[in-house]
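Reader: I should like a close look at a single part of this model, the helix that gives most to the main nonpolar core, and at what surrounds it. Please state the cut-off behind each term as it arises.

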Amino acid sequence: MKVAILGYGKSGKASEIILRNRGADVIEVFDDSLYGVKNILDLDSKDFNLIVVSPGIDCKKYPMIDRDKVISEIDLAYSLINDPEKIIVVTGTNGKSTTAYLLEQILHAFSRDAVLCGNIGKPFTDVVDKERHDYYVVELSSFQIELLKLFKAKRLIITNIDLDHLDRYENFNNYIEAKLKVVNRIEDKGL
């Protein structure tokens, strides 16, 4: 399998490790901000079976990316555990890191094996690749949410939605829509 990784920060590096551990034949890294690495504009989607996109990469700026081949680092990790029961999502504009951290601590206090990952601390792929837990408290940013295709969870906390990221979204309503897409990833929404 030939894989392109777009963005080589924490998510991109963790994705590369998990893909190498799972036998990907060829992995090429593209990142506009790193010297010695191919520019994202040099990507030819037809050369790859899979394109792993880091959340900092705005796919709307790169029309040559074949969206059918795109997977996020979050979806890549989820594909390895494929168990919504184990996942608790925390998102929001403000307070999501504090809420996610406190939730992890509460689970530990009740002798539950839980790990905090995602937008805070360790990438989800890094955690899933190295160990298994009873619960994954996954903090998600709007950038991570907008790329989700496979990911499912049973539990969701939205701390709030406030004016933010208007450098990426056209207006506040688009930002709200991006955040609320996570609701579509939650199974059994009824009470």
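Author: The account below begins with that helix, follows its core, and then turns to the loops and the surface.

The model is predicted, so that local features are reported only at pLDDT of at least 70 and side-chain atom pairs only at pLDDT 80 or more, whereas totals for chains, interfaces and linings use all residues. Residues are numbered from 1 along each chain as its sequence is written, and side-chain values use heavy atoms, with hydrogens and water left out.

The helix in question is H2, which spans residues 73-81. Helices (H or I, at least four residues) and strands (E, at least two) are DSSP runs numbered from the N terminus. H2 is mostly covered, with seven of its nine residues buried; buried denotes under 20% relative accessible area, exposed over 50%, and partly exposed the range in between, with a 1.4 Å probe and protein chains only. The buried residues are Glu73, Ile74, Asp75, Leu76, Ala77, Tyr78 and Ile81. This list holds the acidic residues Glu73 and Asp75 beside nonpolar ones such as Ile74 and Leu76.

The largest nonpolar core comprises 20 residues, and Ile87, Phe124, Tyr136, Val138, Leu140 and Phe151 have the most contacts inside it. Such a core is a set of buried Ala, Val, Leu, Ile, Met, Phe, Trp, Tyr and Cys residues joined through side-chain atoms within 4.5 Å. Two or more residues each come from H2, strand E5 (87-91), strand E6 (114-118), helix H4 (124-130) and strand E7 (135-139). H2 provides the largest share, four residues. A second, separate core has 14 residues, among them Phe30, Cys59, Val70 and Leu147.

Phe124 shows how H2 meets the rest of the main core. Residues up to four places away in sequence set aside, Phe124 touches Glu73, Ile74, Ala77, Tyr78 and Ile81, together with Ile87, Cys117, Gly118, Tyr136, Val138 and Phe151; contact here means heavy atoms within 4.5 Å. Glu73, Ile74, Ala77, Tyr78 and Ile81 also stand among the buried residues of H2.

Just after H2, the backbone takes a positive phi of about 45 degrees at Asn82, although Asn82 is not a glycine. Most residues other than glycine have a negative phi. Asn82 is found in the loop between H2 and E5 and counts as exposed because its relative accessibility is 55%. Ser111, in the loop between H3 and E6, also has a positive phi, of about 55 degrees, without being a glycine. Ser111 is exposed, since its relative accessible area is 70%.

The loop that follows H2 also carries one end of a salt bridge, defined as a side-chain nitrogen of Lys or Arg within 4 Å of a carboxyl oxygen of Asp or Glu. The side chains of Lys154 and Glu85 meet in such a bridge at 3.7 Å, N to O. The pair links distant parts of the chain, 69 residues apart: Glu85 lies in the loop between H2 and E5, and Lys154 in the loop between helix H5 (142-145) and strand E8 (155-158). Both ends are partly exposed, Lys154 with a relative accessible area of 21% and Glu85 with one of 40%. Glu85 and Lys154 further join Arg155 in a network of salt bridges.

The search of the whole structure finds nine salt bridges. One of them lies in H4, a helix that also contributes to the main core: Asp126 pairs with Lys130, the closest N and O atoms being 2.9 Å apart. Because Asp126 and Lys130 are four residues apart in H4, about one helical turn separates them. An α-helix has 3.6 residues a turn, so residues three or four places apart point the same way. Lys130 is exposed, with a relative accessible area of 58%. Another bridge joins Asp44 and Lys46, with the closest N and O atoms 2.5 Å apart; Asp44 is partly exposed at 29%, and Lys46 is exposed at 64%.
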